[in-house]
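Here is a note on the structure you asked about, set out as numbered points. Please read it with the model open beside you.

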Amino acid sequence: MTTSPKINNTAMLKNYMIISWRTLMKNKAFSAINIAGLAVGLASCLLILQFVVYELSFDHFNSKLDRTYRVINDRYQNGGLIQHGTITYPTIGPTMAKDFPEIESFVRMMPVGEVNIRVGDKNFRNDQAVLTDSRMFDVFDFKLLAGEKTHVLDAPYKVILTERTARKYFSYSGTDLRELTGKTFLWGHGKLPYEVAGIMENIPANSHIQFDAFISYATIVSQDKDAESSWTWSDMYHYLVLREGADPKQLESKFDAFSDRYFNGDKVTGSKERFYLQPLKAAHLYSDYEYDFAVTASGRAVWSLLIVAVFILVIAWINYINLTTSRVIDRAKEAGLRKVMGAFRRQLVMQFIMESVMMTTGAALLAFVIVWILQSPFNQIVGSELSWRLLFTHVTPTQFFAAFALLITGAIVSGYYPALMLSGFQPAMVLKGKFVRSSQGNFLRKALVVFQFSASTALICGTLIVTRQIKFMNSTDLGVKLNDVLAVEAPELMEWDSTFIQRVEDFKHELTGISGVQSATTSWRLPGDRLGRAFNIRISGQPAAQHYTVSHMGVDFDFFKTMDIHLIAGRDFIPTDHDPDFAKLGSIIINRNASVLFGFSSPQDAIGREVLWGDNGARKWTIIGVVNDYHQEALQKPMEPIVFRPVYATNSPISVRFNTGNRTELLGRVEQTYRKFFPGNSFEYTFLDDYYNRQYNDVTRFGKVIVIFTVLAIAVACLGLIGLSSYTAVMRTKEIGVRKVMGASALNIVTLLSVNFVGLVVLAAVISTPLSYLGTREWLEGFSYRITPEWFIFLMPVLMVILIAALTISSQVLRAAMTKPVDTLRYE
């Protein structure tokens, strides 16, 4: 009776699995090291992949993603770029849609920042709102849960709330959200009610647009007609959807003529306007624009981490290959016996591949466990709620198949090479204990080690550069003292009147009576905030065609003292420089950069000069002082020319400088004083250094992640080096015995066997150093103020890798060198 081939194949497969399992159990330590190394590599790759896929998924829920663009507006003055941003004029979107048939639809947005909402006797603040219209549903795939989509935001004082926000405002726990439409609330100090016209699904976390309330654009138009027709009011943002088949580059080529037609050079705004398109899919990762409300991240950092993930995975596979081939003696004898017993080479290959599959499967299962354990700590580091569900929800088919193909290819190659090598030994030579070393095999193993340590050296170098830049940012003299400053948000219910300034000053005076409080000040913005700009400033006595652009801010007379910003010419503001009537103000202070921009020969030369600003160039301001430059924003951005005016505002935060170590007691006293002066207002605060350093969250996050995975990559690489050094020691067993008989010491043997490995590591360093230099230089170019890497920063990784490699190799080689000659020669 003939046995079915299917039964034979099944029995053979079962036999492979049994033998593979026995082999793994027979060498538990070897199997554990191999599986652990591969599992760490896979887990690292999976964690990074979760983060990368999430970052790349931003805005992909929009069905018109490939046809949607943001309008970018660059402004030029005196031959130089003065603003590179997404912010522009209210007329741009509508006029472009009228002039260019390539545009299918558009939407205009005007963010209003944090809003104070009053619902009955309850106040809600810190929610983000934007003015827009119903066309946003033609551009974005936001889902309206209640309300009529087509005209929901056509009338003034209509609002769409996200479901989360609506439930919060109206304490609603029901299921029919239509019950919330028609309800009203008050915004800020306004007396007119806003009506909830619609409830929308919560904005997806992977949207670059994150608002809680969408207010009808008709509201601002009803208050100021310029919001519809102005070519100079620069507070709006525009999104365009192009028609199917429209060429965005061809459309962009028409924008210069558009600018000339409506702006007539610099005649309208005082600057030359140039417009560009940014694809919506690039808004999250590739935006370096000023005044951008988008949720952004660094595309460079994301792709760098993906490269790190690939490096770690490849290093893990190389480690597996080297560890597997290090057991060549035992496995070669096994292969020789199997061949003598009639086994074909393909059967041996299948046997070894089965072992590889089982080991890879075990490593994959362990990797899933590691990811599960580390998920929460990793989420805290990257600042995102990552998960398996999120990964499989956002991964695109292309990304999935690319990752799957990479994993399968790596698993097959890492298993096939050792299988092919071990099955290729000649039985007669193997059973006599003689091994013929393949020069191709030696070259491949060495090449793998060189790659491992090239990657490791590059990662160490990158880690050192990133950590030194972060340290530089945290230790650089910013020109403003941020430590020991409490920043309290402005009282949301306080309205402007003729007594406003005196009430604020009375509050500040009582604060300074608290033990430990040195001074207090109010300002339009805090250090760390983006300042507004003024574009048509002129200097009295200079040509009328000469215009300047500066950042500007309103401050009180205690601002520079509280912030420890040094006056270098003239005088500080004094109480008499302030007045509730804005028309009566006339004094300004500028910084050194503004003094240079205005063409003054020195800061002292600026004192007493007149600046023409406002009322179509007729309003005169006198420069009374010049202060030193300071970093208003993070070191990624240059210090700008700033003009300070002695202006109070109802939304100005109060900054309190203190010198006490008991912050809890201080906070209690400040809050008590705040509630005395501003009853019914919520007391919210932050510490100024924390507020400022939030600008570095992305950089700090990237630094932490790359340090962790660099350490893991080096650890896995060392496991591979253990394997290769062990393999070399086995292959040179006879040589070691002969040399010891001839009088060689253990140190001689260690030196002999280690020098080649150290040479490989040095070669890896030589390859990686220029690549590290180019990569880190490009990353550092994203900072206006940055470190200049010294030569020793590139030498340190080399020395570290050599030291790590030497210690790893020596532990294996020393064991072989200490073996008795009679035992080593017995192999022959």
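1. Overall burial. The model is predicted. The protein has 828 residues, and 50% of them are buried.

2. Secondary structure and contacts. The protein contains 27 helices and 22 strands. Take the contacts in the protein with a separation of 6 or more: residues 24 or more positions apart account for 79% of them.

3. The largest nonpolar core. How many residues does the largest nonpolar core have? It has 118, and the residues with the most contacts inside it are Phe559, Phe560 and Phe644. Helix H2, which covers residues 28-56, supplies the largest share of this core, with 13 residues. A second core, separate from this one, has 28 residues, including Ile117, Ala146, Ala166 and Tyr217.

4. Phe560 in detail. Residues up to four places away in sequence are left out of this list. Phe560 then touches Val555, Ile565, Asp572, Phe573, Ile589, Val627 and Phe644. Phe644 is thus found both in this list and among the three residues with the most contacts inside the largest core.

5. Glu505. This residue lies in helix H17, which runs over residues 500-511. Is Glu505 buried or exposed? Its relative accessible area is 14%, and buried means under 20%, so Glu505 is buried. The side chain of Glu505 makes a polar contact, at 2.5 Å, with the side chain of Tyr648. Once neighbours within four places in sequence are set aside, Glu505 is in contact with Tyr648 and also with Asp556, Phe557 and Asp558.

6. Cavities. A search of the whole structure gives four cavities of 30 Å³ or more. The second largest cavity has a volume of about 100 Å³. Which residues line the second largest cavity? The lining consists of Arg530, Leu531, Ser551, Tyr630, Gln632, Glu633, Ala634, Lys637, Pro638, Met639, Glu640 and Ile642. By residue class, this lining of the second largest cavity divides into six nonpolar, two polar and four charged residues.

7. Gly120. The position of Gly120 is in the loop between strand E3 (103-119) and strand E4 (122-132). Its relative accessibility is 76%, and exposed means over 50%, so Gly120 counts as exposed. Gly120 and Phe170 are 50 residues apart in sequence, while their C-alpha atoms are 9.5 Å apart in space.

8. Asn264. Here phi is near 50 degrees, a positive value in a residue other than glycine. Asn264 is in the loop between helix H9 (255-263) and strand E11 (272-279). Why does Asn264 count as partly exposed? The relative accessible area of Asn264 is 46%, and the partly exposed class lies between the limits of 20% and 50%, so Asn264 belongs to it.

9. Asp564. This residue is not a glycine, yet Asp564 has a positive phi of about 60 degrees. Where is Asp564 found? Asp564 lies in the loop between helix H18 (559-563) and strand E16 (567-570). With 36% relative accessibility, Asp564 counts as partly exposed.

Note on methods:
Residues numbered from 1 in each chain as written. Predicted model: local features only at pLDDT ≥ 70, side-chain atom pairs only at ≥ 80, totals over all residues. Heavy atoms only, no water. Helix = DSSP H or I, 4+ residues; strand = E, 2+ residues; numbered from the N terminus. Buried < 20%, exposed > 50% of the residue type's maximum accessible area, 1.4 Å probe, protein only. Polar contact = N/O pair within 3.5 Å; in protein donor to acceptor, adjacent residues only side chain to side chain. Contact = heavy atoms within 4.5 Å. 1 Å grid on protein atoms, 1.4 Å probe; cavity = no way out; pocket = protein on both sides within 12 Å on 5 of 7 lines; lining within 4 Å. Points joined across faces, edges and corners; volume = space filled by probe spheres on them. Nonpolar A, V, L, I, M, F, W, Y, C, P; charged D, E, K, R; others polar. Core = buried A, V, L, I, M, F, W, Y, C linked by side-chain atoms within 4.5 Å.
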